[in-house]
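Me: I should like to examine this model through a series of short questions. Please show the sequence and structure before we begin.

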Amino acid sequence: MLRTKIAGIGKYLPDTIVKNDDLQSVMETSDEWIQERTGIQERRYGTKHQETTTTMAAHAARTAIERAGITPEDIDFILFATLSPDYYFPGCGVLLQRELGITKTTIGAMDIRNQCTGFVYGLATGDQFIRSGMYKNVLVVGAEMHSMGLDYSTRGRNVTVIFGDGAGAVVLQPTGEADQGILCSKLHSDGTHAEKLAFINPGAHGGYHNRYLDEPVEYGYGKETYGGIFLTEKMVEEGMTYPYMDGPFVFKLAVQKFPEVIQEVLQEAGEDVASLDMLVPHQANLRISQFVQRILKLRDDQVWNNIQKYGNTTAASVPIALCEAVENGAIKRGDLVCLAAFGSGFTWGANLLRW
Ligand code: COA
């Protein structure tokens, strides 16, 4: 039976370490508050004017490609998950193709806009391309340069302290080995509360989404305006161009959906939590991961956490954590590994695989 294996994996974390105390110097927050609520001690920021989401992705991708024993020219398809793309369009997939020096035009490149679940969705999509026989080497990347789009005033503190920059990548290939590869994936979405965790402006909504907000918002559109409503002066002047998060709402849903989808993939594969060698959860918040661990009755050595060092790197968090666990010898050939994520949308999902 043809399955999809992760043939190579890589990660990239930029050099600049931003500690909680560094954020305290620009906004009203404290190391104590951040650690107590999120477990985060520090995060990495990319170098402005030198690094972008795409350049960080390229670092991670080169490592994954080398470890898969191939060259960039062997890549057939790129799946790029990010919420902080270099440009509004075109997407980062084609920018990564260029950055990697892939000149052949027989490949395809696609961007995934699923925020924190982007990589899990990407892996499930790449798996289908491989198993259908359409492609032999699929590059799946999650990368974020959040630091470029955060509100560093006290108003944005509940969001800003959580997020960090980084990238992770895998190369997917077919395998005939019975004890290796992706066993199954489950993907979910519920758009009911889309604006509870969202980056709305600039956008083509023209105020239309106001009817879904608890409080209507005035964006400064002139009645006789025909153009220029994608980004208004009012949005810029009043700092409306930042992510919004209803933290407690997100927390409550996350601790419900994570365990559900993890159980779902285990059940589908005829496995149970006791046989799980490693859960690699999206690094949303250490308290969320600890909650999930308690609900599923997992031991400490069955869950990989690194949010303390890197913060929440959204689409990059699962591949970075998986890569780190593999590099540390915590995941070995044949291990049963579950990747799980929950995020904006809301969307959530999981992949179960034998390493
Ligand atoms: N530093 C200090 N105080 C802060 C703060 C910060 N960085 N951020 C928020 N606060 C304040 C709030 O202003 C509020 O003050 P008030 O009581 O005077 O109004 C107080 O802390 C409590 O705010 P609240 O949002 O209710 O805190 P919380 O206990 O829910 O913790 C989160 C906030 C964001 C840490 C928490 O809700 C969370 O982790 N949610 C999930 C977030 C997540 O995982 N997002 C990613 C999903 S992929």
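Me: Which element gives the most residues to the shell around the ligand?

Reply: The model is predicted, and local features therefore need a pLDDT of at least 70 and side-chain atom pairs a pLDDT of 80 or more, while totals for chains, interfaces and linings use all residues. Residues are numbered from 1 along each chain as its sequence is written, and side-chain values use heavy atoms, with hydrogens and water left out. Elements are DSSP runs numbered from the N terminus, helices being H or I of at least four residues and strands E of at least two. With four residues, the leading contributor to the shell is α8.

Me: How many of the residues around the ligand are charged?

Reply: A residue belongs to the surroundings if one of its heavy atoms lies within 4 Å of the ligand; 22 residues do, with Thr 29, Arg 37, Arg 157, Gly 247 and Asn 285 the closest. Ala, Val, Leu, Ile, Met, Phe, Trp, Tyr, Cys and Pro count as nonpolar, Asp, Glu, Lys and Arg as charged, and the others, Gly among them, as polar. On that scheme the shell has 12 nonpolar and seven polar residues, and the number of charged ones is three.

Me: How far is an N or O atom in the side chain of Asn 285 from an oxygen atom of the ligand?

Reply: A polar contact is a pair of N or O atoms within 3.5 Å; within protein, one must be able to donate a hydrogen and the other to accept it, and residues adjacent in sequence count only if both atoms are side-chain atoms. The side chain of Trp 33 has an N or O atom 3.4 Å from a ligand nitrogen, and a polar side-chain atom of Arg 157 is 3.0 Å from a ligand oxygen. For Asn 285, the separation from a ligand oxygen atom is 2.4 Å.

Me: What percentage of the ligand's area does the protein bury?

Reply: Accessible areas come from the Shrake-Rupley method with a 1.4 Å probe, and for residues only the protein chains shown count as cover. Of the 960 Å² that the ligand exposes when taken alone, the protein buries 71%.

Me: Which elements give two or more residues to the shell around the ligand?

Reply: The contribution of α8 has already been named as four residues. The elements that meet the threshold of two or more are α2 (31-38), α6 (157-160) and α8 (247-268).

Me: Between which domains does the ligand lie?

Reply: An automatic or database domain assignment supplies the bounds, giving domain 1 (3-175), domain 2 (181-193 + 246-354) and domain 3 (205-241). The C-alpha centres of domain 2 and domain 3 are 36 Å apart. Because residues of the shell come from both, the ligand lies between domain 1 and domain 2.

Me: How many residues of α5 are buried?

Reply: Buried means under 20% relative accessible area, exposed over 50%, and partly exposed in between, using a 1.4 Å probe and protein chains only. Helix α5 (residues 118-131) spans 20 Å from first to last C-alpha, close to the expected 20 Å, a figure defined as 1.5 Å times one less than the number of residues. Its covered residues include Phe 119, Tyr 121, Asp 127 and Ile 130. Of the 14 residues in α5, the number buried is 11.

Me: Is Gln 115 buried or exposed?

Reply: Gln 115 is found in the loop between β5 (108-112) and α5. Although not a glycine, Gln 115 has a positive phi of about 50°. Its relative accessible area is 16%, so Gln 115 is buried.

Me: Is Lys 297 buried or exposed?

Reply: Lys 297 lies in the loop between α9 (286-296) and α10 (307-310). Its phi is also positive, near 55°. Since its relative accessible area is 71%, Lys 297 is exposed.

Me: Which side chain makes a polar contact with the side chain of Thr 347?

Reply: Thr 347 belongs to strand β13 (residues 347-354) and counts as buried because its relative accessibility is 8%. Its side chain reaches the backbone oxygen of Ser 344 at 3.4 Å. At 2.5 Å, the side-chain partner is Thr 117.

Me: What is omega for the cis peptide bond that joins Gly 345 and Phe 346?

Reply: A cis bond also runs from Phe 89 to Pro 90, with omega near 0°. Phe 346 lies in the loop between β12 (336-343) and β13. For the bond joining Gly 345 and Phe 346, omega is about -5°.
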